[in-house]
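Visitor: I would like a close look at a single part of this chain, with its surroundings explained along the way. Please take it step by step.

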Amino acid sequence: MKNFSLKKSLACAKTEYIKWICDSRMIILLVLLVFIYSFAITPLLENAEYMGEPLNILEPFIAIANSGAILMIIPLVFLTLIADFPRIDTNTVFYIARVGRTNWLTGQIIKLILMAVSFLAVIFLGAVIPMLGQGFWYNGWSNVATKFSALYPEKSGNFGVQLLPENLYNQLSVFQAAIQSYLLVFAYLMIIGLILLAFSLIKKKTAGFVISAAVISLGTALCSIKTSLMWALPMANSIIWLHYTKYFRQPVMSLRFSICYLIIFIAVLIVFCYIAIRKFNYDNVSEINN
């Protein structure tokens, strides 16, 4: 790429990322952590206490990353936190002219990566830290996850049991489930951010926000009714347990397909952005932010 400078791109990403983490909207992230604790971690802890057994400290995070209800909230909160991404005002216009279009765009993509990684890291820590004094670290599922419903059939329908379905612990190890969950949800968040970026570059930022919200909402709806159409959207492809049956190794949908789907989706959006930036006219800032 002509006049590309990784140093300028990283400097741009660093400046923008610091502004983002210092934004007052970050209070929403604290509210999300409180919600996650009460909605996902507490039911698991209650089952563990009732059974008198410890949880694996990674199980709450795995539950969070595989719950349809929570996985609707997480992207919506992320979308809210990055609603003005990419931030373009009068000062930004001069900044783009100085560092170059390609360097600025590369910086925005790096910033998006940092935002998605750190957002998920906070959620991961918010799920793991409360477990440090009452859980164990091992590449194996707890008895609470695997045996609770069998030992207490009258409680088999409670939410704590539903958070860790058989599709997870019968098919994957704890470490596999945690790593794959993090990476797939990360890819999902990248797609949401890249949709915003792509539509901003064609001066349809509001439409990009609406489409991002629609992708999240429609994906949630299709996953809830378990239709094959759900695999056409990122959400189903980012939830591991949907790929497997409860007991048999034969997958409902190949995880390899979902990985390829997410990578291709991201790649197409990035290529589109690099094509759009060449024609990007930032003379009218108000038009860009509509």
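**Helix 10 and its surroundings**

Guide: Residues 24 or more positions apart account for 80% of the contacts in the chain with a separation of 6 or more. That figure belongs to a predicted model, and it is a useful background for helix 10. The chain as a whole has 14 helices and two strands. Its C-alpha trace spans about 65 × 40 × 30 Å along the principal axes. For 290 residues, a compact globule would have a radius of gyration near 19 Å, and the 21 Å of this chain agrees with that. Buried residues make up 51% of the 290.

Helix 10 covers residues 174-201, and it packs against helix 4, residues 70-81, at an angle of about 40° with the axes 10 Å apart. The two helices are therefore oblique to each other, and their crossing is right-handed. On the helix 4 side the contact uses Leu71, Pro75, Phe78 and Leu79, which meet Val185, Tyr188, Leu189, Ile192 and Leu196 of helix 10. By class, this contact has nine nonpolar residues, no polar ones and no charged ones.

Beyond helix 4, the chain enters a loop that leads to helix 5 (90-99), and Pro86 sits in that loop. The peptide bond joining Phe85 and Pro86 is cis, with omega about -10°. Most peptide bonds are trans.

Back in helix 10, consider Ile195. Its relative accessibility is 5%, so Ile195 counts as buried, the cut-off being 20%. Leaving aside neighbours within four places in sequence, Ile195 is in contact with Gly208, Ile211, Ser212, Val215 and Leu269. For one of these partners, Ile211, the C-alpha atom is separated from that of Ile195 by 7.9 Å, with the two positions 16 residues apart along the chain counted as their separation.

Between helix 10 and helix 11 (205-224) there is a loop that holds Lys203. Phi of Lys203 is near 60°, a positive value in a residue other than glycine. Most residues other than glycine have a negative phi. Lys203 has a relative accessible area of 18%, so this lysine is buried. After helix 11 comes the loop to helix 12 (234-237), where Lys226 lies. Lys226 also has a positive phi, near 55°. With a relative accessible area of 46%, Lys226 is partly exposed.

Helix 10 also has residues in contact with Cys273, which lies in helix 13 (residues 255-278). Apart from neighbours within four places in sequence, Cys273 is in contact with Leu105, Leu194, Leu197, Ala198 and Leu201. Cys273 has 0% relative accessibility and therefore counts as buried. Val31, by contrast, is 242 residues from Cys273 in sequence and 33 Å away in space, C-alpha to C-alpha.

Leu105 leads on to helix 6. Helix 6 (residues 101-128) packs with helix 13 at an angle of about 150°, the axes being 10 Å apart. Helix 6 and helix 13 are therefore roughly antiparallel, and helix 6 passes helix 13 in a right-handed crossing. Helix 6 contributes Arg101, Thr102, Trp104, Leu105, Thr106 and Ile109, while helix 13 contributes Ile270, Cys273, Tyr274, Ile277 and Arg278. These residues divide into seven nonpolar, two polar and two charged.

Note on methods: Residues numbered from 1 in each chain as written. Predicted model: local features only at pLDDT ≥ 70, side-chain atom pairs only at ≥ 80, totals over all residues. Heavy atoms only, no water. Axes fitted to C-alpha atoms, helices over the stretch in contact; angles between N-to-C directions. Helix = DSSP H or I, 4+ residues; strand = E, 2+ residues; numbered from the N terminus. Parallel < 35°, antiparallel > 145°, perpendicular 65-115°, else oblique. Left-handed = near helix turned anticlockwise from the far one by under 90°. Contact = heavy atoms within 4.5 Å. Nonpolar A, V, L, I, M, F, W, Y, C, P; charged D, E, K, R; others polar. Buried < 20%, exposed > 50% of the residue type's maximum accessible area, 1.4 Å probe, protein only. Rg over C-alpha atoms; globule rule 2.2 N^0.38 Å.
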